[in-house]
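Got your viewer open? Here's a quick walk through some charged pairs, one selection at a time.

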Amino acid sequence: MRAEPKTIALIAATAITAASQIMEGIAAERQGKAQARFLKQKADYGLKAAAIEAEDYWRKGSRVSATQRSRLGGSGVDVERGTARGVREDTYREIALMKERLLHKGKVQSIGLEQQADYQKTLGSARKRMAFFSAGATAFGGASKFGQQAEEYNLWGTDTVPKQKLHGPSPGRSSRTWSQ
């Protein structure tokens, strides 16, 4: 039994196509994982940067508050009573609120980046699965074409391939049905 060059080419093309589909899927999964790692690092960096920015703002605000207290005290105003105390408390609340806003902004950005990271990882895994399905479909398609060519070129070594007749009763059975 000798295979025709056309058949050999078909088998080789099917194998190469299926292998390249699998390799593309594996590469897509790796790319998704790498992108996810990058986004998670960026999220961690964003949290740290927000904490640093909030702490810097707190320090600057504390200096403003201390300067405010010093100026009020230097002018002879009791900073623990009345309007001076209210001004100091308002300043403190504004500084604390801004610090919390900066931290919250960092957390929100971090959550968004982590969600993108999870999406990239999931997308890479899905692409890998689809590549394996595509490779399987390619292999089945190639096997089907090979079967057709094998029959056409008589690669099975028989002169004729027996076909079953789909009409008429089978040998040894009557044409009656159960309802008769």
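Start by selecting Asp 56: is Asp 56 buried, partly exposed or exposed? Asp 56 counts as partly exposed, because its relative accessibility is 33% and the partly exposed class runs between 20% and 50%. Keep in mind as you click around that this is a predicted model.

Now add Arg 59 to the selection. Its side chain meets that of Asp 56 in a salt bridge, at 2.9 Å from N to O. Both residues sit in helix α1, which covers residues 5-74, and they are 3 residues apart, or about one turn of the helix. Arg 59 is partly exposed too, at 43% relative accessibility.

Next, hop over to helix α2, residues 82-152, and pick Arg 85 and Glu 89. What joins the side chains of Arg 85 and Glu 89? A salt bridge, again listed at 2.9 Å, N to O. The two are 4 residues apart in the helix, so about one helical turn separates them. Colour by accessibility and you'll have Arg 85 at 41% and Glu 89 at 35%; Arg 85 is partly exposed, and Glu 89 counts as partly exposed as well.

Stay in helix α2 and select Asp 90 with Arg 93, which lie 3 residues apart, about one helical turn. Draw a distance between their closest N and O atoms: this salt bridge comes out at 2.5 Å. Asp 90 is partly exposed at 41%, and Arg 93 falls in the partly exposed class at 48%.

Want to keep hunting? A search of the whole structure finds 6 salt bridges, the pairs on this tour among them.

Methods:
Residues are numbered from 1 along each chain as its sequence is written. This is a predicted model: local features need pLDDT of at least 70, side-chain atom pairs count only at pLDDT 80 or more; totals for chains, interfaces and linings use all residues. Side-chain values use heavy atoms; hydrogens and water are left out. A salt bridge is a side-chain nitrogen of Lys or Arg within 4 Å of a carboxyl oxygen of Asp or Glu. Buried means under 20% relative accessible area, exposed over 50%, partly exposed in between (1.4 Å probe, protein chains only).
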